[in-house]
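Subject: Structure handover

Hello,

Here is the structure for you to look over. My notes follow below it.

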Amino acid sequence: MTPPLTLLGIESSCDDTAAAVVRGTTILSSVVHGQTSLHAAFGGVVPEIAARAHAEKLDYCVEEALAKAKLELSDLDGIAVTAGPGLIGGVLSGVMCAKGIAAATDLPLIGVNHLAGHALTPRLTDQLPYPYLMLLVSGGHCQFLIVHAHDSYTRIGGTIDDAPGEAFDKTARILGLPQPGGPSVESAAKHGDPDRFVLPRPLLNQEGCDMSFSGLKTAILRARDGVMAQRSGLTTQDQADLSAGFQAAVTDVLVEKTKRALGQYLRTNPAIRSFAIAGGVAANQNIRDGLVQLCAGLDTAFVAPPLSLCTDNAAMIAYAGIERMMHDEQDDLTLSARPRWPLDDRAAPMLGSGKKGAKA
């Protein structure tokens with residue numbers, strides 16, 4: 001019997017510097033160093049600051065991950081690294097680190113699509129069989145994917161503008177809440193009235209699974225301005241009520257669009273009816289609860305990774321690399337960092353296309 005592969009994973013696509021060691025479907029170590037304090041004063045991630053922080057932290061993350069796994073580089077079967085999509089400076093930092101290790105050790109180098117890392121996480125955590133429906137919902141991406149294989153995806157919908165995570169961050173800034181916006185808005189919403197403000201549910205009156213969140217963000221801005229015009233400021237309760245209303249609107253949109261996506265997926269007659277969610281926004285409990293109830297009503301298994309694997313991490317990158325290696329796929333030292341890299345390159349671009357290709 002062939003022993004399971006053991007890979008080092010490296011992730012640096014946004015503002016989390018991460019390294020992990022995975023053997024088969026067992027996470028031997030997972031190290032994540034965040035950058036929240038570095039970007040707090042700017043209200044969002046500053047790409048140049050993020051890239052410099054990655055360059056400073058990557059080697060320490062790798063050393064820590066190996067130490068926690070109680071392994072040496074010589075015990076590994078390969079190096080997997082996020083090669084895109086993401087902030088190009090950060091992605092480049094990770095790719096160059098992985099190339100250096102691969103060149104020094106003669107280990108195989110495997111470039112991984114960051115989105116594939118998220119999409120394959122249910123295979124790492126639950127050994128979910130193909131095909132399954134995935135809602136990948138994060139700070140920069142939101143799309144419904146039918147996952148047929150490690151390298152085969154069909155996108156059946158997604159956001160045409162702001163991703164939900166981006167909308168959460170912008171809403172937090174509008175309301176004067178700290179970054180990162182997702183946890184801040186969720187925390188404030190626990191004490192709020194979701195029905196106090198009338199907010200839109202964009203694109204629910206249109207067929208299909210596409211979503212839009214920029215108009216909802218604008219509605220929050222106008223509601224805030226209306227309150228401030230009356231009171232010359234926001235109270236803690238105003239922040240809570242606006243947060244609750246925003247979160248409820250996002251949840252309603254995601255649940256309804258998921259219902260439609262499940263309809264398309266189930267019409268393919270999968271042997272096992274499975275729906276999975278991944279990405280940072282998957283950590284939001286209100287959204288999870290809504291999707292759990294939906295799946296229960298449709299006799300479909302709901303799979304969500306542990307909260308530690310919802311946000312960016314290197315364990316998912318290592319596992320995606322394992323799946324590639326199991327199919328005799330690997331890269332060489334010409335591997336390039338890619339700011340754009342859609343999983344379904346046959347689908348029309350959701351967010352436009354430039355010289356470097358489709359964004360998502």
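Contact here means heavy atoms within 4.5 Å. By that cut-off, Arg173 touches Gly43, Gly44 and Gln179, leaving aside residues up to four places away in sequence. Please keep in mind that this is a predicted model.

**Arg173**

Arg173 sits in helix α5. Its relative accessible area is 41%, so Arg173 is partly exposed. Val185 is 12 residues from Arg173 in sequence, and their C-alpha atoms are 9.9 Å apart.

**Helix α2**

This helix runs over residues 47–69, which makes 23 residues. From first C-alpha to last, α2 reaches 31 Å, close to the 33 Å expected at 1.5 Å a residue. There is a bend in α2 of about 40° at Lys57.

Buried residues in α2 include Ala50, Ala53, His54, Leu58, Cys61, Val62 and Leu66. Which elements cover them? Strands β1 (6–11), β2 (16–23) and β3 (26–34) are among them, and so are helices α1 (36–39) and α3 (88–105).

Lys70 comes just after α2 and takes a positive phi of about 60°. Lys70 is in the loop between α2 and β4. With 75% relative accessibility, Lys70 counts as exposed.

**Helix α9**

α9 covers residues 285–297. Its 13 residues should span 18 Å at 1.5 Å a residue, and the end C-alpha atoms are indeed 18 Å apart.

Its buried residues are Ile287, Arg288, Gly290, Leu291, Leu294 and Cys295. They take up an arc of only 165° around the axis, so they lie on the same side of α9. The general point behind this: an α-helix has 3.6 residues a turn, so residues three or four places apart point the same way. Gln293, Ala296 and Gly297 are exposed on the other side of α9.

The cover over the buried residues of α9 includes β6 (132–137), α5 (164–175), α8 (236–266), β9 (274–278) and β10 (301–303).

Both ends of α9 deserve a look. At the start, a side-chain oxygen of Asn284 comes to within 3.0 Å of the backbone nitrogen of Asn286. Just after the helix, Asp299 has a positive phi of about 55°.

**Nonpolar cores**

The largest nonpolar core has 77 residues. Leu133, Met134, Leu135 and Leu254 touch the most other members. α8 gives the most to this core, with 10 residues.

What does Leu133 touch? Its contacts beyond four places in sequence include Phe144, Leu145, Ile146 and Ile156. Ala261, Leu262 and Tyr265 are also among them, as are Ser274, Phe275 and Ala276.

A second, separate core has 26 residues. Val21, Val91, Ala102 and Leu107 are among its members.

**Arg123**

Is Arg123 buried or exposed? At 18% relative accessibility, Arg123 counts as buried, because the cut-off is under 20%. Arg123 belongs to helix α4 (residues 114–126).

The side chain of Arg123 makes a polar contact with the side chain of Glu323, at 2.8 Å. Beyond four places in sequence, Arg123 touches Glu323 along with Thr25, Leu128, Pro129, Tyr130, Tyr132 and Tyr319.

**Backbone points to check**

Most residues other than glycine have a negative phi, and most peptide bonds are trans. These are exceptions worth viewing:

- Gly84 to Pro85 is a cis peptide bond, with omega near -15°. Pro85 is in the loop between β4 (78–84) and α3.
- Tyr130 and Pro131 are joined by a cis peptide bond, with omega about -10°. Pro131 is in the loop between α4 and β6.
- Ser232 is not a glycine, yet has a positive phi of about 60°. Ser232 is in the loop between α7 (214–231) and α8. Its relative accessible area is 69%, so Ser232 is exposed.
- Lys70, described above with α2, is not a glycine either and has a positive phi of about 60°.

**Pro349**

Last, a loop position. Pro349 lies between α10 (315–326) and β11 (353–354). Pro349 is partly exposed, at 38% relative accessibility. Met326 is 23 residues away along the chain, and the two C-alpha atoms are separated by 30 Å.

Best wishes

Technical notes. Residues are numbered from 1 along each chain as its sequence is written. This is a predicted model: local features need pLDDT of at least 70, side-chain atom pairs count only at pLDDT 80 or more; totals for chains, interfaces and linings use all residues. Side-chain values use heavy atoms; hydrogens and water are left out. Helices (H or I, at least four residues) and strands (E, at least two) are DSSP runs, numbered from the N terminus. The expected span of a helix is 1.5 Å times one less than its number of residues. Buried means under 20% relative accessible area, exposed over 50%, partly exposed in between (1.4 Å probe, protein chains only). The arc is that of the directions from the helix axis to the C-beta atoms. A polar contact is a pair of N or O atoms within 3.5 Å; within protein, one must be able to donate a hydrogen and the other to accept it, and residues adjacent in sequence count only if both atoms are side-chain atoms. A nonpolar core is a set of buried Ala, Val, Leu, Ile, Met, Phe, Trp, Tyr and Cys residues joined through side-chain atoms within 4.5 Å. The bend at a residue is the angle between axes fitted to the seven residues ending there and the seven starting there.
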